[in-house]
Amino acid sequence: MTGQSESEQLQNFYERLGHWVSKQGFWFQLRYSLSNRSGDGAFGYHMMALLSRIGLFLVLIGFGIWLFLFTQFGSERFHTKLGEDFRSGFAAKEVEISGISHKQGKLSINRLAMTGEKETFFTKFQVKNLNCQMNMLDQFRSSWEPGLIEISEASVSLRAGADTDASAQAIADVLFQKSGYAKFDTVVVKKVSLNWGYSARTKGRISSSRMSALRLEDGWRLNFKGGYFSQSWLKKLQIKELQIAVSEKGLVFEKALFSKGNGVVSLADLKIKAGMQPEINGHVNLRDVSLASILPIATAEYLEGKISGEFSAFGSINSTAGVGFAGEVSLTDGNFIQLRDELPLLKALSVVDAYNNYRRVIFDEGGFHLKTYDGTATISHLQLKADELFAVNGELTVRLPVDNVAVALDPEFAAMKAELNLDSDSDFTLANASADKKTEEPANSKTSLFEKIDQAAELQLMQEKQTEAQNTQYTYEGRVTISLARNAFDRAPRLLKLHPVSAESKRIEIEVPIQGRLEEITMEKADDFYKYGAR
């Protein structure tokens, strides 16, 4: 009984000793455990207890670190740092970000907007639903590799050029930088809209297209699928294939194939040389392209048809003269141009000519040289023939009235541009836009960058509508010679006396002056036909 009592007392002593030791500090417990004074069993017990406390301590520390890193993604500090990274990386003037979230190693940004000045390649930049890789530790590293960057929607107003060589170099530094915090090589945008140019003569656009951008050794390669391409009078060409290599030397259109209705448009050897005023050089080929798709809507009631031609492209998107095209149009292989008797001259001929019908005159032979540049379209070497019914040759010039060329000088609109932080390179020249401006906000209210960009987009739509309205105000100048069948005036002797049959061509040839707007041209000669052609 005594031996058993002593054993129980000894065990009770060690339990009380172990309980007391467990309440001591970490280093005391470690020294006590290593001293092995308490025997093998006690040593194992104390080591297990010690390791459990160490494990629990490390778990708590790890959880604390994880919680700290996790909370940093939504913190004001992280938000500010990310904004500064975008500002410095893109040389942006203003940056606004909303809807930042992080889940399973993926960073998501609901909306990002930036504005730029002369040191970067854009004036306005906006993306929606940006997703990429970002580990928790990436925010504390000197560089970050986000991997594939996926964006659901992007809208960028590109700078057309630079004012100085230093500004041009600054733009190149932003576009082709290989240093900096974020190091990304691939970007995919499901729906992108890019626009450039600051006037009707220089404007161009890629809209509603899927874009992928891949970094190259000396720049980027951009691939576009679907959507539309526009430049000058080439409006809303459907993108079949468009591949552009971008480097410090400029842009090279490696592949460029578009469609318009049943017609096809392709760009061959087209390059844009980098610099203050990027120079365009290359060729544009049209095959079976509808006139309705390239001419102003106002001309639709007067003519229709489809044409083919080869044009050279020249000029600059950063000059007042803009982008130019020059080339030959020939009516072959089923191409034609059809004039309707909405034209005063044809309507008058239908009255005075008893044998021929001029309600629709279809030219299917001949061609002309076309040049568009500096706000003017010039048609020269015009030679068109509609079988034996009608032929025309001469020259014609089309331009906007001077009053409509300088619409960008409106002072109220300039004030609106300043309010929206739009610099001189922005693509807004709408006259009297302030008449449609919404009620002004209180002076102490602050407009977000998102709101400014949305307002700028509204102004752009307003300008496009006005530009289309101005298409009815083009003026036409020139002189052509029309050729009619020899019997055209057999029932109008006074006209036949004024315009006798040519001994050489055996046809009636009449000089017709072209002057005025579309609805006015040939009006003077039509009045003569009515006056002297009464039967």
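**Cavity, loops and long-range neighbours**

Trainee: Let's start with the second largest cavity: which classes of residue make up its lining, and how many of each?

Mentor: A cavity here is a set of points, on a 1 Å grid over the protein atoms alone, where a 1.4 Å probe fits but cannot get out, and lining residues have an atom within 4 Å of a point. Ala, Val, Leu, Ile, Met, Phe, Trp, Tyr, Cys and Pro count as nonpolar, Asp, Glu, Lys and Arg as charged, and the others, Gly among them, as polar. The lining is Leu-291, Ala-292, Leu-295, Thr-299, Ala-300, Leu-303 and Glu-304. By class, that gives five nonpolar, one polar and one charged residues.

Trainee: What kind of model is this, and which atoms do the side-chain values use?

Mentor: This is a predicted model, in which local features need pLDDT of at least 70, side-chain atom pairs count only at pLDDT 80 or more, and totals for chains, interfaces and linings use all residues. Residues are numbered from 1 along each chain as its sequence is written; hydrogens and water are left out, and side-chain values use heavy atoms.

Trainee: How much space lies in the second largest cavity?

Mentor: The structure holds two cavities of 30 Å³ or more. A volume is the space filled by probe spheres set on the grid points, which are joined across faces, edges and corners. For the second largest cavity, that space is about 30 Å³.

Trainee: And the chain overall: what share of its residues counts as buried?

Mentor: The chain has 11 helices and 21 strands, taken as DSSP runs numbered from the N terminus (helices H or I, at least four residues; strands E, at least two). Buried means under 20% relative accessible area, exposed over 50% and partly exposed in between, with a 1.4 Å probe and protein chains only. Of the 535 residues, the share counted as buried is 44%.

Trainee: What share of the contacts with a separation of 6 or more comes from residues 24 or more positions apart?

Mentor: A contact means heavy atoms within 4.5 Å. Among those in the chain with a separation of 6 or more, residues 24 or more positions apart account for 58%.

Trainee: Is Asp-387 buried or exposed?

Mentor: Most residues other than glycine have a negative phi. Asp-387 has a positive phi, near 55°, and sits in the loop between strand S18 (376-386) and strand S19 (390-399). Because its relative accessibility is 52%, Asp-387 counts as exposed.

Trainee: Is Thr-522 buried or exposed?

Mentor: Thr-522 lies in the loop between strand S21 (508-517) and helix H11 (523-532). Its phi is also positive, near 70°. Because its relative accessibility is 5%, Thr-522 counts as buried.

Trainee: How far apart in space are Glu-520 and Leu-343, C-alpha to C-alpha?

Mentor: Glu-520 is in the loop between S21 and H11, and counts as partly exposed at 40% relative accessibility. In sequence, Glu-520 and Leu-343 are 177 residues apart, while their C-alpha distance is 8.5 Å.

Trainee: Within what arc do the buried residues of H11 fall?

Mentor: The buried residues of H11 are Lys-525, Ala-526 and Phe-529. They line one face of the helix, because, by the directions from the helix axis to the C-beta atoms, they fall within an arc of 105°.

Trainee: Which elements are included in the cover over those buried residues of H11?

Mentor: On the other side of H11, Glu-524 and Lys-531 are exposed. The cover over the buried residues includes helix H6 (344-352), helix H10 (493-498) and S21.

Trainee: What separates the C-alpha atoms of Val-352 and Phe-529?

Mentor: Val-352 lies in H6 and is buried, at 1% relative accessibility. Along the chain, Val-352 and Phe-529 are 177 residues apart, yet their C-alpha atoms are separated by 7.1 Å.

Trainee: Which residues does Val-480 touch, leaving out those up to four places away in sequence?

Mentor: Val-480 belongs to strand S20 (residues 475-484) and is buried, with a relative accessible area of 8%. Its C-alpha is 6.2 Å from that of Glu-395, 85 residues apart in sequence. The residues touched are Leu-382, Val-392, Asn-393, Gly-394, Glu-395, Ile-510, Glu-511, Val-512 and Ile-514.

Trainee: Last one: which residues does Leu-175 touch, with the same sequence limit of four places?

Mentor: Leu-175 is in helix H5 (residues 165-175) and is partly exposed, with a relative accessible area of 28%. Beyond four places in sequence, Leu-175 touches Phe-121 and Trp-220.

Definitions and conventions. On a 1 Å grid over the protein atoms alone, a cavity is a set of points where a 1.4 Å probe fits but cannot get out, and a pocket is an open set with protein on both sides within 12 Å along at least five of seven lines; lining residues have an atom within 4 Å of a point.
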